[in-house]
Amino acid sequence: MPLLDIPTLMICLLVGWFIIGLLTYISFTSEPSRQELKIWSAGFAVGGLGVLLLSLRGFVPAFWSVGVGNAALLAGVGLLWQGFRSFDGKSTHCGAMFLFGGIWMGAYLGSPAFSGNINLRIIASSVLLSIELGLMALAIWQGYRREALPTRKLLVFFLAAYVLVNLMRIPMTLIFPVGETEGQPVSVWYGLMTFMLHVISLMCGVGIFSLSRDRVLLEYKRASETDGLTGALNRRAFMDRLGVEIGAGGCLALIDIDHFKAINDNHGHAAGDLVLRQFVSRVNGQLGPGMVFGRVGGEEFGLFLKGFDSQKALAFCEALRQDLHNEPFTWHGHSVRAAVSMGLKRVEPGGAETESQIVAADSALYAAKNGGRNRVVCHDAIARQSPPGAEASASNGFAFSSLAPQAG
């Protein structure tokens with residue numbers, strides 16, 4: 001038996017796909033809401049059937065081994081491709097899953113010249129499979145732009161390698177035509193190239209399973225970093241991100257929703273929860289690159305504006321304050337007014353440690369609350385605060401702004 005015996009290679013690939021498909025299906029039974037796992041496990045099953053039939057060339061009629069076997073393999077790859085669409089929340093198309101397998105069967109059944117010529121079959125299968133894999137790689141890469149899971153890049157690399165090797169079969173077929181002996185393909189290059197393709201196929205299969213685990217780990221990580229009520233970063237995650245970003249300099253703001261207890265007392269805790277959620281939603285709508293925002297206490301939030309100077313940060317925070325003040329929340333037909341106090345601290349690049357910056361921002365926040373609430377106070381302006389009700393007071397580029405305090 002030759003070292004690179006084709007049926008043996010096919011059986012090895014079949015075993016590998018069976019194991020990966022089984023693990024994927026077990027994952028689906030644990031997470032039945034993840035439809036991509038069901039589609040991928042079906043893809044490995046259908047593709048594995050194709051590999052099994054191809055390994056039986058010379059033992060079963062050519063219609064089943066070559067015709068149906070290649071069609072099943074192409075259909076299995078089509079299912080894997082659509083699984084990636086489902087993975088990224090896109091619609092799947094049943095016709096696309098079986099399109100290329102149908103094209104193959106149409107050519108095989110419709111043209112005796114095609115079905116009887118192994119070299120034409122190699123060229124056709126190489127073209128069809130390369131198109132499918134190219135579409136799969138495109139779907140994975142498009143998903144990477146939205147969710148940069150590390151395995152995506154690895155999968156794109158493996159698929160590109162597979163397509164390259166697969167397309168190399170076309171010139172090799174033309175230069176060194178493949179013959180058949182007892183139904184098995186025979187050529188100086190065919191066994192080696194089939195081995196290479198099978199190795200890459202197994203890597204792709206492992207990559208697909210790994211990608212599904214990447215998503216689970218990312219979801220666990222997000223859950224551990226996210227405040228369950230508002231969806232903002234929780235205190236620990238905010239402090240971790242702040243510790244990373246603060247060295248670049250910017251402005252740190254601590255934000256407190258004024259009279260939050262009165263909101264709960266007057267309208268109920270569900271109304272208070274609504275205010276927290278919608279406040280976070282409004283802030284998230286204004287966030288840009290380099291900004292870190294999180295819930296650090298009951299009704300207290302932290303915001304770091306990376307690279308902002310004091311005037312720019314003051315303008316940003318003032319816009320947030322005015323938005324909340326001017327647009328009350330609606331709860332069961334009732335208008336729920338809320339306001340925020342903010343303490344702002346400029347952080348120089350490579351400046352003092354995080355804890356001291358938080359203490360300074362917190363002192364500015366207390367100044368804002370003691371000064372009448374519903375205002376933004378910069379730390380360097382605390383000593384020169386204007387009387388409550390003043391519009392603004394500037395000091396060396398720092399200022400605080402205020403409106404008359406609002407009830408509730």
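Two strands count as paired if DSSP finds at least two bridges between them. Keep that in mind for the sheet. One more point before we start: this is a predicted model.

Let's take the strands. β4 covers residues 291-295, and 5 bridges join β4 to β5. The two run antiparallel. The connection is a hairpin, and 4 residues make the link from β4 to β5. Two bridge partners to look at. Phenylalanine 293 has leucine 303 in β5 as its partner. Glycine 294 is partnered by glycine 302, also in β5.

β5 has a second neighbour. Strand β3, residues 250-257, is joined to β5 by 7 bridges. This pair also runs antiparallel. Here aspartate 256 stands opposite glutamate 300 of β5. Hold on to aspartate 256; I will come back to that residue.

How many residues of β5 are buried? The count is 5 of the 7, so the rest of the structure largely encloses this strand, residues 300-306. β4 is mostly covered too, with 5 of its 5 residues buried. Look at both faces of β4. On one side are Met291, Phe293 and Arg295, and each is buried. On the other side are Val292 and Gly294, buried as well.

Next, the cores. The largest nonpolar core has 57 residues. Which of them touch the most other members? They are Trp40, Phe84, Trp104, Leu133 and Met136. Helices α1, α2, α3, α4, α6, α7 and α8 each supply at least two residues of this core. For orientation, α1 is 6-30 and α8 is 190-225. Another core lies apart from that one. This other core has 36 residues, including Ala232, Leu305, Cys317 and Trp331.

Zoom in on leucine 133. Leaving aside residues up to four places away in sequence, leucine 133 touches Val77, Leu159, Tyr162 and Val163.

That brings us to a helix pair, α3 and α6. Two packed helices are described by the angle between their axes and the distance between the axes. For α3 and α6, the axes come within 8 Å and cross at roughly 10°. Angles under 35 degrees count as roughly parallel, so α3 and α6 are roughly parallel to each other. Who meets whom? From α3, the contact residues include Val66, Leu74, Val77, Trp81 and Phe84. From α6, they include Leu129, Leu133, Met136 and Ile140. Polar residues are on the list as well: Asn70 is among those in α3, and Arg121, Ser125 and Glu132 are among those in α6.

Now the charges. The whole structure holds 19 salt bridges. I picked three.

First pick: glutamate 31 and arginine 34. Their side chains meet at 3.5 Å, N to O. Glutamate 31 is partly exposed, at 21% relative accessibility. Arginine 34 is buried, at 9%. Both belong to a network of salt bridges that links Glu31, Arg34, Glu36 and Arg213.

Second pick: glutamate 225 and lysine 221, at 2.8 Å, N to O. Both sit in helix α8, 4 residues apart, so about one helical turn separates them. Glutamate 225 is buried, with a relative accessible area of 14%. Lysine 221 is partly exposed, with 45%.

Third pick, and here aspartate 256 returns. Lysine 369 forms a salt bridge with aspartate 256, with the closest N and O atoms 2.7 Å apart. Lysine 369 is in helix α13, residues 354-370, and aspartate 256 is in strand β3, so the pair ties together parts 113 residues apart in sequence. Buried or exposed? Lysine 369 and aspartate 256 are both buried.

Last topic: backbone. Most residues other than glycine have a negative phi. Two residues here are worth a look. Histidine 259 is not a glycine, yet has a positive phi of about 50°. Histidine 259 is in the loop between β3 and α10. At 32% relative accessibility, this histidine 259 is partly exposed. Then arginine 373, with a positive phi of about 65°, and again not a glycine. Arginine 373 lies in the loop between α13 and β9. At 28% relative accessibility, arginine 373 counts as partly exposed.

That's the tour. Questions welcome.

How values were computed: Residues numbered from 1 in each chain as written. Predicted model: local features only at pLDDT ≥ 70, side-chain atom pairs only at ≥ 80, totals over all residues. Heavy atoms only, no water. Core = buried A, V, L, I, M, F, W, Y, C linked by side-chain atoms within 4.5 Å. Buried < 20%, exposed > 50% of the residue type's maximum accessible area, 1.4 Å probe, protein only. Contact = heavy atoms within 4.5 Å. Salt bridge = Lys/Arg side-chain N within 4 Å of Asp/Glu carboxyl O. Axes fitted to C-alpha atoms, helices over the stretch in contact; angles between N-to-C directions. Parallel < 35°, antiparallel > 145°, perpendicular 65-115°, else oblique.
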